[in-house]
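Student: I'm new to this structure and would like to know how its labels are earned. Could you take me through it?

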Amino acid sequence: MTQAPLAAYPALRMRRLRQADWVRRLVRETVLTPADLIWSMVVHEGEGEVPVASMPGVARLSVKEAAKAAREAKTLGIPAIAVFPHIDGAKKDATGSLAADPNGLVCTAVKAMKDAAPEVGIMCDVALDPFTDHGHDGLIEGGRILNDATIEALVAQGLVQAQAGCDILAPSDMMDGRVAALRTALEGAGLQDVMIMSYAAKYASAFYGPYRDAIGSGKLGTGSVDNPGDKKTYQMDPGNTDEAIREVALDIAEGADMVMVKPGLPYLDIVRRVVDEFRMPTFAFQVSGEYAMLMAAARNGWLDEDRAILESLGAFKRAGAAGIITYFAPRAARMLGA
Ligand code: PBG
């Protein structure tokens, strides 16, 4: 990169360009707009809204409300919604059989949202964890997460989601080879226009805690089969950065149209590296724990809530992200004055 030569003091005054709002806006390098946001949304099978205790301001929505929210997304200029299901505990089992139910909650919600607002993109998580009683993203045998058998289940799930009208499949399971399997299955089913955004660099993170509360995820280490108490054999080690590059390279080679880094703020270095390395549409997931952390501080009066929300989202743009999956989407879009 070329560097402007340093002028001798007193000619060099960095504050000259900060003296008024108009000039700050004029020279701003990155700007956040509602078009950068993917609304992370939790749906449930019941009626009405159920607030999520660890995420003040977030509620599980009924299918009817999700459809209304899709219309709201359109009004607010939010391009897409990522939908996550809260499944009744009694309906879960060891293999997450309901994940591929074409008449299940996810497919019903997708259809309702596409009917209500066809202009809004719908993204579905391809993963078994909302449906397994043990809370893992994979099938388990003898205490081990099975890779290839899990992929078969994911392909079945992805196909019903795509057939229901989902625009973007977002595999979040971290099994090896799932992007290629999904892409091949989509092509085979004549669903070649369905996009794949892979959770390419997804870390085994403590910041997913409130999400498991939001979707009523099975508690790791319990459930119907002997299973590990964490996801470290499939999600990435937080100490790694070169490995993220290899993960992303693989997913692109396998047919991902867009890639994602997750979590968000604690992994901004990875976002920047991935953008610099691949120049692919790269998204960041500002996960549940990041949401909870910010809201907890703000609700204690320790942070200016509105400013902190917009600043945290803007950081992703500065790091080079094409967009952000966030629970703040509707609120941020309103502040940005869509
Ligand atoms: C699971 C999945 C998780 C999230 C999205 N999909 C949790 C996990 O991997 O354990 C986290 C989302 C969030 O924390 O907001 N496939």
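Tutor: Happily! Let's begin with residue classes: Ala, Val, Leu, Ile, Met, Phe, Trp, Tyr, Cys and Pro count as nonpolar, Asp, Glu, Lys and Arg as charged, and the others, Gly among them, as polar. By that scheme, the lining of the second largest pocket holds 13 nonpolar, two polar and six charged residues. Keep in mind that this is a predicted model.

Student: What makes up the lining of the second largest pocket, and which residues lie nearest its centre?

Tutor: There are 21 lining residues, and W39, G57, V58, A59 and P330 lie nearest the centre. Strand 1, helix 2, helix 9 and helix 11 each give two or more residues to this lining. The pocket's volume is about 390 Å³.

Student: What is the volume of the largest pocket?

Tutor: About 470 Å³. Among the 14 residues lining the largest pocket, R28, T30, V31, L32 and G314 are the closest to its centre. Helix 10 provides the largest share of that lining, six residues.

Student: How do you know whether C124 and C166 form a disulfide or not?

Tutor: A disulfide needs two cysteine sulfur atoms within 2.5 Å. The sulfur of C166 is the nearest cysteine sulfur to that of C124, and it is 3.5 Å away. That distance is over the cut-off, so C124 is in no disulfide. C166 is in no disulfide either, and the whole structure has zero disulfides.

Student: Why is C124 called buried?

Tutor: Buried means under 20% relative accessible area. C124 has 1% relative accessibility, so C124 counts as buried. C166, at 2%, therefore counts as buried too.

Technical notes:
Residues are numbered from 1 along each chain as its sequence is written. This is a predicted model: local features need pLDDT of at least 70, side-chain atom pairs count only at pLDDT 80 or more; totals for chains, interfaces and linings use all residues. Side-chain values use heavy atoms; hydrogens and water are left out. On a 1 Å grid over the protein atoms alone, a cavity is a set of points where a 1.4 Å probe fits but cannot get out, and a pocket is an open set with protein on both sides within 12 Å along at least five of seven lines; lining residues have an atom within 4 Å of a point. Grid points are joined across faces, edges and corners, and a volume is the space filled by probe spheres set on the points. Helices (H or I, at least four residues) and strands (E, at least two) are DSSP runs, numbered from the N terminus. Buried means under 20% relative accessible area, exposed over 50%, partly exposed in between (1.4 Å probe, protein chains only).
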